[in-house]
Amino acid sequence: MQMGKDVTINDVINKKKQKSKKVDVKLIMKAYDLAENKHKEQKRRSGEPYIVHPLWVAYTLSELGLDESTICAALLHDIVEDTDVTHEYLVKEFGEEIANLVAGVTKLSTMQFETLEEQQVEDYRRMFLAMGKDIRVILIKLADRLHNMRTLKYLKRDRQIANAKETMELYAPLANRLGLYSIKWELEDLSFKYLYPEEYHELVEGINKKRDERLKFIEKIMDKIRIELKKQKIEAEVTGRAKHLYSIYRKMQRDNKTLDQIYDLFALRILVNSVKDCYAALGVVHELYNPMPRRFKDYIAVPKPNMYQSIHTTLLGEKGTPFEVQIRTWDMHNIAEFGIAAHWAYKEANYFGKGKQVVKVEEDKLSWLRETLEWQKEMKDPQEFLETLKTELFEDEVYVFTPKGEIKTLPRGATSIDFAYSIHAEIGHHMTGCKINSKMMPILTPLKNGDIVEIITSDNSEGPSRDWLKFVKSTSAKNKIQAWFKKAHKAENIEKGKELIEKELKRISMSYSDLFKTDYINPMLDRYKYKNLDEMYASVGFGAMSPVKIIARMLIEYRKEHREENIEKTIEQLSSNKRQKVKPSSGVIVKNIDNCLVKLSKCCNPLPGDEIVGYITKGRGVSVHRKDCVNVKELISEENRMIDVEWYNENKTSYNVDIEIYSNDRQGLLADILKEIGTTKAKLMAVNTKTTKEKIAIMEITLEVENLKELNKVMKLLRTVNSVYEVKRRK
């Protein structure tokens, strides 16, 4: 049921009856009556009664074929957060199962966090932990988000953008991971509508103009295929569907094409009764139309991790116009539309009786979620957790094989190192080489779909290289490598962590004894979930946590007892120090303040062309950082220390910048790199090179350049050097 009319509790129950023989109407009505009573004084932003929202969430879950407990939890999902009903009351009235489902989707509004981002991340953590116990939690959350997105027009523009961005980055990929394509596509199209409104409306108008012409084209093809399938006695349903707007837009962006150049706006779907018929139907369409090279995918033989199975082939129609055909069985189609919900709903024939089971993360189909739960326990940094979560959810994968034919699913761009760790941590730790398709290859070679990979190990291996962390793509491999180094060098990491903390304290003119007091230490340890100081030091020494973040968290407690008057004095002094405007040696001026001490920060080495911000230090003027500098994210909370700065355009100044080059080692490599630098205006200041045991050359080069444009030109040239596969600016 699309949006247009409000659903009622009868609609929810009737939809549930279509999916199940037995329905506990009494239980559903009990949940509805409580929700309707408790939400009766509340209105949504649209002006509608609040109960409309939980009814839509419950209806969506009824469409997916979910059970009474989930539907009851959907009706009650906002009741603890928005009314006086408690978790204990729900346990008493509805039992622990329903109460726990409601708790799983309830936000952490009662807890105190320093930033909104921290609260958001902890909400995600809690949601994933609840998913680990019962996957239905995320199904309720997705249905909740779907209705909120359908009614997004009633929110202010800033909230529309924030919600659409979160949906595109988190909830749509999550729906995709669970195989809920019916929800995924709608979430993406709705997010697209609010994030890029002009492009959205242009696309809708462009598609509508040629809709009739393309429908005639696809109808002609469908008729031809139906006739041939009937001749071959293959029972099938052939349908055509318009591709979803966001997928068309993404293709236009990826291939740099206009709408007129995108021909496969419609896809054909052939639904048959058996796997045998799938391949027979494939033979029919390949007999009728020429297939396009490299545009065939067999997800029946190699299913996606979210259980999706189908054959995809792109064919050339009349006048060479391409169109896509998807072939699958009816059961596969059900899973393609409803994903894990379909798997869950008919897991047990007696699901609604005493033999009831819940799909848990131990299921092979949910192995990605199990891994997510494992790494999220280790991740202390909220920002890192959020970024890794988004990365893990986006399905962009390669399918490779062990020599025995076992399939391994890895992130796109993964190497044999990722493959080795996907088999076992010890295989990765003792890896010395690899064969790809029976040929010895460098271990950093990116893997492609269908590769057969064999790992070569040695008991004499010294263990993983720290450089591997720069190249591995899977979070699982990264965590196993980090765990090895943490265990092998714990004492060394503790000492290094202490040094880094003390160095940072010295930089901000604070003493260790002033800040490291029990009242300041304990909140920091609690916040980042460290058992003791040694664990924190080891984390900092290893590089898993920034010393800036540790100190910033402790300063929150410190400032509760110490008023900082120095900051105001520094600003006052800078403001009163107005002299004749001169060209600054740094190439940066502080807005509205003349002649003040300005230093370019060494942590990010900003260049003209970079977006920059200023930070007022204690007694050392203003330090200038790039806006994307990791340290700025910590400093930005101290608003009274941030100040506007800008580049002085008339001043020609040179700046030192560090870059890193990663390459397969070979003879003459350094000479070729220096030759390319010599063709530019950049001046070479320093070179430091090393070669790892895997024959990877890592070069750290310091250049003197005038601006960002000049640096980008140098980096572009260096990427063209034979054997070089990555050139990046050091942060």
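Which side chain meets that of Asp 84 in a salt bridge? The partner is Lys 38, with an N to O distance of 3.2 Å; a salt bridge here is a side-chain nitrogen of Lys or Arg within 4 Å of a carboxyl oxygen of Asp or Glu. Asp 84 lies in the loop between helix H5 (79–82) and H6, whereas Lys 38 belongs to helix H2, so the pair ties together parts that are 46 residues apart in sequence. Helices (H or I, at least four residues) and strands (E, at least two) are DSSP runs, numbered from the N terminus. Asp 84 counts as exposed because its relative accessibility is 60%, while Lys 38, at 29%, counts as partly exposed. In these terms, buried means under 20% relative accessible area, exposed means over 50%, and partly exposed lies in between (1.4 Å probe, protein chains only).

The model is predicted: local features need pLDDT of at least 70, side-chain atom pairs count only at pLDDT 80 or more, and totals for chains, interfaces and linings use all residues. Residues are numbered from 1 along each chain as its sequence is written, and side-chain values use heavy atoms, with hydrogens and water left out.

Side chains of opposite charge can pair when their charged atoms come close. By the salt-bridge rule, the count comes to ten. One of the salt bridges joins the side chains of Glu 93 and Lys 30, at 3.4 Å from N to O. Glu 93 is in helix H6 (residues 87–94) and Lys 30 in helix H2 (residues 25–38), so this pair ties together parts that are 63 residues apart in sequence. Glu 93 counts as partly exposed because its relative accessibility is 27%, and Lys 30 also counts as partly exposed, at 35%.

A further salt bridge is formed by the side chains of Asp 67 and Arg 136, with 3.1 Å from N to O. Asp 67 sits in the loop between helix H3 (52–63) and helix H4 (68–75), and Arg 136 in helix H9 (residues 136–150), so the pair ties together parts that are 69 residues apart in sequence. Both Asp 67 and Arg 136 are buried. Together with Glu 97, these two residues are linked in a network of salt bridges.

Another acidic residue, Asp 11, is located in helix H1 (residues 9–19). Asp 11 counts as buried because its relative accessible area is 19%. A polar atom of the Asp 11 side chain lies 2.9 Å from the backbone nitrogen of Thr 8.

Elsewhere along the chain, Lys 165 is found in helix H10 (residues 157–177). With a relative accessibility of 42%, Lys 165 counts as partly exposed. The C-alpha atoms of Lys 165 and Ser 191 are separated by 6.9 Å, although the two residues are 26 apart along the chain.

The surface also carries patches, which are made of residues with over 30% relative accessible area and no salt bridge: like charges are joined within 9 Å, and nonpolar side chains (Val, Leu, Ile, Met, Phe, Trp, Tyr) within 5 Å. Glu 198, Glu 199, Glu 202 and Glu 205 form a negative patch. For such patches, Lys and Arg count as positive and Asp and Glu as negative, while His and the chain ends are not counted; the place of a charge is taken as NZ of Lys, CZ of Arg, CG of Asp or CD of Glu. Within this patch, Glu 199 lies in helix H12 (residues 197–209) and counts as partly exposed because its relative accessibility is 33%.

A nonpolar surface patch is made of Leu 670, Leu 674, Leu 684 and Val 687, with about 270 Å² of accessible area together. Helix H29 (669–678) and strand S18 (683–691) are the elements that give two or more residues to this patch. Leu 674, in helix H29, counts as partly exposed at 32% relative accessibility. Accessible areas come from the Shrake-Rupley method with a 1.4 Å probe.

Finally, the backbone merits attention. Most residues other than glycine have a negative phi. Asn 437, which is not a glycine, has a positive phi of about 55 degrees, and Ser 438, likewise not a glycine, has a positive phi of about 70 degrees. Asn 437 is placed in the loop between strand S8 (431–436) and strand S9 (439–441), and Ser 438 lies in the loop between S8 and S9. Asn 437 is partly exposed, with a relative accessible area of 40%, whereas Ser 438 counts as exposed, at 70% relative accessibility.

Key:
A polar contact is a pair of N or O atoms within 3.5 Å; within protein, one must be able to donate a hydrogen and the other to accept it, and residues adjacent in sequence count only if both atoms are side-chain atoms.
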